[in-house]
Structures are given as C-alpha cells and as structure tokens.
Amino acid sequence: MFDIVSFIPRAIVQGMPLLFGCTGETISEKAGSLNLGIPGVMYVGGICGVIGSFIYEQNCSGDLNPFLAIFIPMLTCCLGGSLMKLTGSSVPSIALSRTSEYFSRTLPFADDLGWFGKIFLSYGFLTYLAVAIAIVTAYVLGHTRTGLQLRAVGENPATADAAGIDVNRHKYFAICVGCLIAGLSG
C-alpha cells in the first residue's frame, strides 16, 4: 500500500539538490546567459564539499565543532561551484559519517507532531535553506533594483547598456552567484 506520509519527505529530500541547481540557473538565465554546465557545477560542488569534510575530519582530533562541521563543507561547495577549478587528483572512497551527522539533524520536536512533523519538519537544514534561497531569489529578481537591472541585462543588453548598466559586470555577477548556489546542491 502506498504511504504518502513516507513518500513526501523522501521526494522532498531527493528534489532539494535540484532546487539549488534550478535557482542558480534561474539567476544566470535572467542575466541572459544559458549555463549548460549547471550539472557539472553541482558535481564539483559535491566533490569539493566531500574534500572539505574529509580534510576537516582527518585533521580534527576528538569531537567536531558543529559550526565548522557544517561551515567548511558548505564553504568548499560554494567555492568549488563558483570557481569550477579542479586539478587532476585522485580522491579515494571516503566515509564522512561524523560530518554527515550535522547535516542530517532534524528539528527535535518533529517526531512529536505526527504526520505534520514528518511531512514538513523532518529535514536537515539544507532543505529549508534551499527553499529560503529560492524565495529570496524570486523576491530579489522581481522586486529590487538589482533584480530589475539583471532582468534588463538578460532581456535587452543594448538597452541596459544605454541606461548606464554595466552589462558585463551584471552577467559575470549573475553567473558567479548562480554557480555558487548550484554548488550548494552537492
């Protein structure tokens, strides 16, 4: 029998990386650049996050600092995604069980709320971060001066240039921010 209360959380967890990638691509596209490399950015973000976690776990004796266990992999995901520079090095199979504990923690009271807690509150913080970034991106693109300029650059670069908007700077910024957000999906 199909159990929707178990299905919805799994579907949301599986879709969360796509939300990061789609949000990053939306920013790039609004600036008039089609970034077909978003899946690669997502992979590089994942690899960089694993490398950051591995280095932190290997160099940390004793208990991990919860802030650094989350901050270091996220920082390396963002840097890897926005820079897209990896040199030829082989990375062995890595188990990051200590670091992954911090990413998979859910709200402590989610289990007490029955089906509502399981469907809406039983995720790690990255799921909520993905939704928050998507909402902020939609607001910025639709309701701020920066968003208006970015959309102007994407829709008609010549007109935006005539209005005094630095087209290249806006495109470069949008691609970097888009890749940074897509890198978080890893």
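The legends below describe an overall view and several close-up views of one predicted model.

Residues are numbered from 1 along each chain as its sequence is written. In this predicted model, local features need pLDDT of at least 70 and side-chain atom pairs count only at pLDDT 80 or more, while totals for chains, interfaces and linings use all residues; side-chain values use heavy atoms, with hydrogens and water left out.

**Figure 1. Overall view of the protein chain, with nine helices and zero strands.** Helices (H or I, at least four residues) and strands (E, at least two) are DSSP runs, numbered from the N terminus. Along the sequence the pattern reads α-α-α-α-α-α-α-α-α. Of the 186 residues, 34% count as buried; buried means under 20% relative accessible area, exposed over 50%, and partly exposed in between (1.4 Å probe, protein chains only). The chain exposes about 11200 Å², of which carbon and sulfur atoms supply 65%. Accessible areas come from the Shrake-Rupley method with a 1.4 Å probe, and for residues only the protein chains shown count as cover. Among contacts (heavy atoms within 4.5 Å) between residues at least 6 apart in sequence, 71% join residues at least 24 apart.

**Figure 2. Close-up of the largest nonpolar core, which has 14 residues.** A nonpolar core is a set of buried Ala, Val, Leu, Ile, Met, Phe, Trp, Tyr and Cys residues joined through side-chain atoms within 4.5 Å. Phe-20, Leu-150 and Leu-184 have the most contacts inside this core. Helix 1, helix 3 (66-83), helix 6 and helix 9 each supply at least two of its residues, and helix 6 provides the largest share, four residues. Not counting residues up to four places away in sequence, Phe-20 touches Leu-126, Leu-129, Ala-130, Ile-133, Ile-181, Ala-182, Leu-184 and Ser-185. A second, separate core of five residues includes Ile-38, Val-41, Cys-179 and Ala-182.

**Figure 3. Close-up of Glu-25 in helix 1 (residues 4-30).** Glu-25 is buried yet has no salt bridge, that is, no pairing of a side-chain nitrogen of Lys or Arg within 4 Å of a carboxyl oxygen of Asp or Glu. The nearest side chain of opposite charge, Lys-30, is 11 Å away; Lys and Arg count as positive and Asp and Glu as negative, whereas His and the chain ends are not counted. Leaving aside residues up to four places away in sequence, Glu-25 touches Ser-33, Leu-34, Asn-35 and Ile-38.

**Figure 4. Close-up of a nonpolar surface patch of about 680 Å².** Patches are made of residues with over 30% relative accessible area and no salt bridge, with like charges joined within 9 Å and nonpolar side chains (Val, Leu, Ile, Met, Phe, Trp, Tyr) within 5 Å. Leu-107, Phe-109, Leu-113, Trp-115, Phe-116, Phe-120 and Tyr-128 make up this patch. Helix 5 (residues 114-120) gives the most to the patch, with three residues. Tyr-128 is found in helix 6 (residues 125-143) and is partly exposed, with a relative accessible area of 31%.

**Figure 5. Close-up of the salt bridge between Arg-169 and Asp-166.** The closest N and O atoms of this pair are 3.9 Å apart, and the count comes to one salt bridge. Arg-169 is exposed, with a relative accessible area of 54%, whereas Asp-166 counts as partly exposed at 39% relative accessibility.

**Figure 6. Close-up of Gly-164 in the loop between helix 8 (157-162) and helix 9 (167-183).** Gly-164 counts as exposed because its relative accessibility is 64%. Gly-164 and Gln-149 are 15 residues apart in sequence and 10.0 Å apart in space, C-alpha to C-alpha.
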